[in-house]
Every structure is written in structure tokens, then in C-alpha cells.
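Visitor: Please take one part of this structure and go through it closely. I would like to know what surrounds that part and how it sits in the whole.

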Amino acid sequence: MTVFHFFNCAILTFGPHAVYYSATPLSEYDTIGTSVKAAVVYLGTTLVKLICLATFLKVPENDSFDPYQELLKALIGFIDVAGLYFALTQLMHRNISQNHKFQAVGLGWAFADSVLHRLAPLWVGARGLEFTWEYIFQGIEANANLVLNLSLAALGSLMWLRKNKPRTLIPIIYACAGVLATMPSITSYLRRALGWHPPKVVAFELASSLVMAFISWQLFSACQRPSI
């Protein structure tokens, strides 16, 4: 039963990434190489973030919410944006369209994040003798994270790859990208400052991911329309 629970949680956590790849044109255009390169860039970006966190943040004495520390974490979190910029603009890609490029990069980014932050806890905890909902919530959170990373990659492609976008949409694009980049700090505030329980936090992440995905899709569609 414990192994069965582990496989269920692992499929919930990593399965949507494979489903997204096979169910979209990404598999037809064989963009797996782009996703792998994006995953490698994510690992390098995470290493830089860990070095910055260890250098500038102090170890908290308790689990209380420290606004100054969280502000530093949010600023350091923007290193992800720099890594995403590198993945979208500097890596050598196959001759694929902008639509497929940001999806492949976002998918690889989200998959690497799930493997790095959720595989070990699943392997150690989900095989325990006592059933817990914690790892189910981790899988659902990974799905929300997939949507958020795809949305951020879409906005990144508009900021850095799309030249002829409407001027009125530029502030909205940057504002939405800023919200997505600071989402980890927002969820940390909900958990530690407001005391939200995991089900409520995961529900917020799912709802916010759907809202941001809809906004990103609308912005991307608006920028794709030919200017008159």
C-alpha cells in the first residue's frame, strides 16, 4: 500500500508534465532538447539562488514571518527571471516558433523544479506507513507550478522576443511577470504570516495559476494580432 501511495503521488506530481508534452504540438516538433536545456539552466539558476540565500539571509530563530527577510527572498527570486531570459534568448533552439519555444522552456523549467523540490520528499515520506495528505497537496501544487511557469515563460517571450507589441500592454505584461516572479513569497506570507493551512494555500495557488494563465493567454493573443 505504501508503494502504491508513492506511485500515485509521483504520477500526480510528474504525470501532467508528460501529458502536456505529448498532448501538445511539442512532441510533434521534438522540442525535448529545448526542455532539457531549460532544465539545466534552471539547475544553474537555483544554485546561484542558494548561494545568494546563504550569503545574505540569516537563519531564523523561529518560524515567524520576517518582512525584511521575505523581501530579500523576493528580490533573490528575480534571479529566476534572469535564468528564464537566458533560456529564452541565449540558448540554441531548433527552428521552432515562438509559441512552441516558450512552452518547451516553461515545461522544462517546471519539471526541473518539481524533480528538485518534490522527488526526494516523495521518496522519503510517501512510502511511510501512515497515510498523509501532505504529498497529495504537493502533487497538486506541482500542477499549479507548471501552469505558473508556462505563464511566466509566455510573458517572458513577449518581453524579450516580441518586438512589435502594443505599447499599452507593456506595463501590464511587466506587472504580471512581477506577480508571477514573487509568487513564492506570496505563498510564504500566506503560510507563515496569516497561518493558512496547506489545503487553503494549495487552493489559492490553483486559483491564481488559472487566473494568471488566462491573463497571459489574453496578452499573448493580443500581441499576436497584426497591428492596424
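Guide: What follows is a close look at helix H8, with the rest of the chain as its setting. The model is a predicted one.

The setting comes first. The protein has nine helices and zero strands, and from the N terminus on its elements run α-α-α-α-α-α-α-α-α. A compact globule with 228 residues would have a radius of gyration near 17 Å, and the 18 Å of this protein agrees with that. Along the principal axes, the C-alpha trace spans about 60 × 40 × 30 Å. Of the 228 residues, 46% count as buried. Among contacts with a separation of 6 or more, 80% are made by residues 24 or more positions apart.

Helix H8 covers residues 183-192, and its buried residues are Met183, Ser185, Thr187, Ser188 and Leu190. Which elements cover them? The cover includes helix H3 (67-77), helix H6 (134-160), helix H7 (170-181) and helix H9 (198-224).

Ser185 is one of the buried residues of H8. Its relative accessibility is 16%, and because buried means under 20%, Ser185 counts as buried. Apart from neighbours within four places in sequence, Ser185 is in contact with Glu70, Lys73 and Ala74. Helix H3 spans 67-77 and is among the elements that cover the buried residues of H8.

On the side of helix H9, Val201 is a residue to look at. Val201 has 0% relative accessibility and counts as buried. Leaving out neighbours within four places in sequence, Val201 is in contact with Thr187, Arg191 and Trp196. Thr187 is itself listed among the buried residues of H8. A further distance concerns Val201 and Tyr174, which are 27 residues apart along the chain: their C-alpha atoms are separated by 25 Å.

Helix H6, another part of the cover of H8, holds Asn145. Asn145 counts as buried at 17% relative accessibility. The contacts of Asn145, leaving aside neighbours within four places in sequence, are with Ala110, Asp113 and Arg118.

The record adds an annotation to this region. An unreviewed UniProt entry places the feature "transmembrane region" at residues 39-59, 71-92, 168-190 and 202-220. In the model, the span 168-190 is 87% helix and 0% strand, with its end C-alpha atoms 32 Å apart. Residues 202-220 are 100% helix and 0% strand, and there the end C-alpha atoms are 26 Å apart. Helix H8 runs over 183-192, while the annotated span 168-190 comes from the UniProt entry.

Elsewhere in the chain, Asp30 deserves a remark on its backbone. Most residues other than glycine have a negative phi. The phi of Asp30 is near 50 degrees, a positive value in a residue other than glycine. Asp30 is in the loop between helix H1 (2-23) and helix H2 (32-56). With a relative accessible area of 40%, Asp30 is partly exposed, whereas Ser185 in H8 counts as buried.

Last, the surface and the charges of the whole. The protein exposes about 12600 Å², of which carbon and sulfur atoms supply 69%. There are 16 positive and 12 negative side chains, and the centres of the two sets lie 13 Å apart.

Conventions
Residues numbered from 1 in each chain as written. Predicted model: local features only at pLDDT ≥ 70, side-chain atom pairs only at ≥ 80, totals over all residues. Heavy atoms only, no water. Buried < 20%, exposed > 50% of the residue type's maximum accessible area, 1.4 Å probe, protein only. Helix = DSSP H or I, 4+ residues; strand = E, 2+ residues; numbered from the N terminus. Contact = heavy atoms within 4.5 Å. Rg over C-alpha atoms; globule rule 2.2 N^0.38 Å. Areas by Shrake-Rupley, 256 points an atom, 1.4 Å probe, with all protein chains shown as cover. Lys, Arg positive; Asp, Glu negative; His and termini not counted. Charge placed at Lys NZ, Arg CZ, Asp CG, Glu CD. UniProt positions renumbered as here; feature names shortened; annotations may be inferred.
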